Amino acid sequence: MPVTVRSFAKINLGLCIGPSRPDGFHELRTVYQTIGLHDILRLRLERGSGIEIRCADRRVPTDQTNTCYRMLELGMSALGAKGRVVLEIEKRLPIQGGLGGASGNAVSALLALEVAVKKRLPAGDRLRLAAEVGSDVPLFLVGGTVLGAGRGEQVYPLADLPSTPCVIATPEIGVSTPKAFADWDAAAAKLTLPEPSARMNGFSREVSAWLSSVPWEKTSKGRCAGAPARGRGRAETQLLDLVRTGIENDFERVVFPQYPALRDVRCALEKAGAAYASLSGSGSAVYGIFATRGAAEEASARLGKQGIPAQATVTLTRGQYWKRFPVSSF
Ligand code: C5P
């Protein structure tokens with residue numbers, strides 16, 4: 001029996017790009033939020049050796065360049081496991097960037113491998129391996145609402161936002177993340193912006209201020225947790241309080257001028273009733289936050305009629321993320 005798991009996507013509720021670093025990456029601050037759209041991964045261990053990745057979608061690489069390949073290689077070695085790993089990826093998520101699809105796949109593959117070999121890696125080792133595979137891989141080891149620092153790989157669980165309806169638009173435009181970072185450097189040099197580190201401190205301050213305003217509640221186990229939604233519109237309000245602190249996505253400033261169609265998608269989401277809409281990561285995925293599931297469904301249908309591929313979903317709290325993660329044999 002294969003181990004079957006879900007592999008969720010994320011959006012960025014704001015992203016502040018800091019200075020470029022000697023290692024070629026950029027320092028950044030972001031708030032990641034996991035959402036309900038997902039792929040399905042099936043993993044089994046056979047006799048022999050090597051890693052085999054299968055995917056019916058031809059746009060997904062099945063060689064060493066697939067993030068799952070590197071993650072499984074690192075995982076097999078860290079677990080001291082032997083055998084041939086066969087991983088089947090059922091691609092349901094749009095391939096468009098900005099949703100962390102490949103990064104989520106890597107984490108799901110690692111956790112499925114642990115189940116298959118009946119051995120667990122310590123949490124710190126998992127995070128280290130995930131950071132080796134990519135900057136936005138570790139967030140999928142936390143789930144829910146997550147603060148990202150460093151190059152995005154340092155992750156801190158934030159007070160969980162109640163599940164909120166949203167629409168994910170995935171226009172068929174490919175945006176190169178390294179190029180978007182380089183374009184930001186060139187643009188930032190021309191813009192009269194405060195020092196990069198001062199901007200990042202400002203971002204962190206806004207998130208801290210929001211955190212201190214989030215209602216906290218004692219749980220039955222005596223711990224504190226973000227208070228659950230009470231009444232209509234409450235979930236949306238907490239999320240909106242965060243995005244409206246001004247933690248916008250810096251990538252919009254360089255990606256929208258190059259791909260005006262993406263700005264139009266954000267406008268289309270706003271016109272369709274989104275209380276807030278933004279580019280996710282460097283795009284091209286654009287999301288909108290809605291008051292109700294019905295409003296989100298209507299908006300995604302409206303975008304579809306305008307020729308913009310879109311899907312309605314909800315944001316996932318940390319609890320929902322982990323509860324829905326396993327499909328079988330977990
Ligand atoms: O870590 P990941 O493989 O996702 O990064 C892809 C590329 O994006 C990097 O090689 C780098 O050019 C750019 N990047 C960056 N700063 C970050 C994250 C990514 O410059 N914080």
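1. A salt bridge is taken here as a side-chain nitrogen of Lys or Arg within 4 Å of a carboxyl oxygen of Asp or Glu. By that rule, zero salt bridges are found across the interface of domain 1 and domain 2, and this applies to a model that is predicted.

2. The two domains in question are both assembled from separate stretches of the chain: domain 1 comprises 3–161 + 319–328, while domain 2 comprises 165–216 + 237–316. Their C-alpha centres lie 22 Å apart, and the contact between them involves 36 residues of domain 1 and 41 residues of domain 2.

3. As for the character of this interface, the area buried between domain 1 and domain 2 is about 3200 Å², and carbon and sulfur atoms give 71% of that area. Although salt bridges number zero between the two domains, polar contacts are present, with a count of 15 residue pairs in which both partners are at pLDDT 80 or more.

4. On the domain 1 side, the elements that give two or more residues to the surface touching domain 2 are strand S1 (3–20), strand S2 (26–46) and helix H10 (318–324). S1 gives the most, with twelve residues. Taken by residue class, the side of domain 1 that touches domain 2 divides into 18 nonpolar, 14 polar and four charged residues.

5. The count of aromatic pairs comes to six. One of the pairs deserves a comment: the ring centres of Phe8 and Tyr321 are 5.4 Å apart with the planes at 50°, and the pair is therefore classed as tilted, since that class covers angles that are neither under 30 degrees nor over 60. Because Phe8 belongs to strand S1 and Tyr321 to helix H10, this pair ties together parts of the chain that are 313 residues apart in sequence. Strand S1 and helix H10 are also among the elements listed above for the side of domain 1 that touches domain 2.

6. Two points of backbone geometry may be checked in the model. The peptide bond from Gly283 to Ser284 is cis, with omega near 15°, and Ser284 is found in the loop between strand S10 (276–279) and strand S11 (286–289). Lys118, which is not a glycine, nevertheless has a positive phi of about 55°; Lys118 is located in the loop that runs between helix H2 (101–117) and helix H3 (123–133).

Note on methods: Residues numbered from 1 in each chain as written. Predicted model: local features only at pLDDT ≥ 70, side-chain atom pairs only at ≥ 80, totals over all residues. Heavy atoms only, no water. Domains from an automatic or database assignment. Contact = heavy atoms within 4.5 Å. Buried area = accessible area lost by both parts, 1.4 Å probe. Polar contact = N/O pair within 3.5 Å; in protein donor to acceptor, adjacent residues only side chain to side chain. Helix = DSSP H or I, 4+ residues; strand = E, 2+ residues; numbered from the N terminus. Nonpolar A, V, L, I, M, F, W, Y, C, P; charged D, E, K, R; others polar. Phe/Tyr/Trp six-rings, centres within 6.5 Å; stacked < 30°, edge-to-face > 60°.
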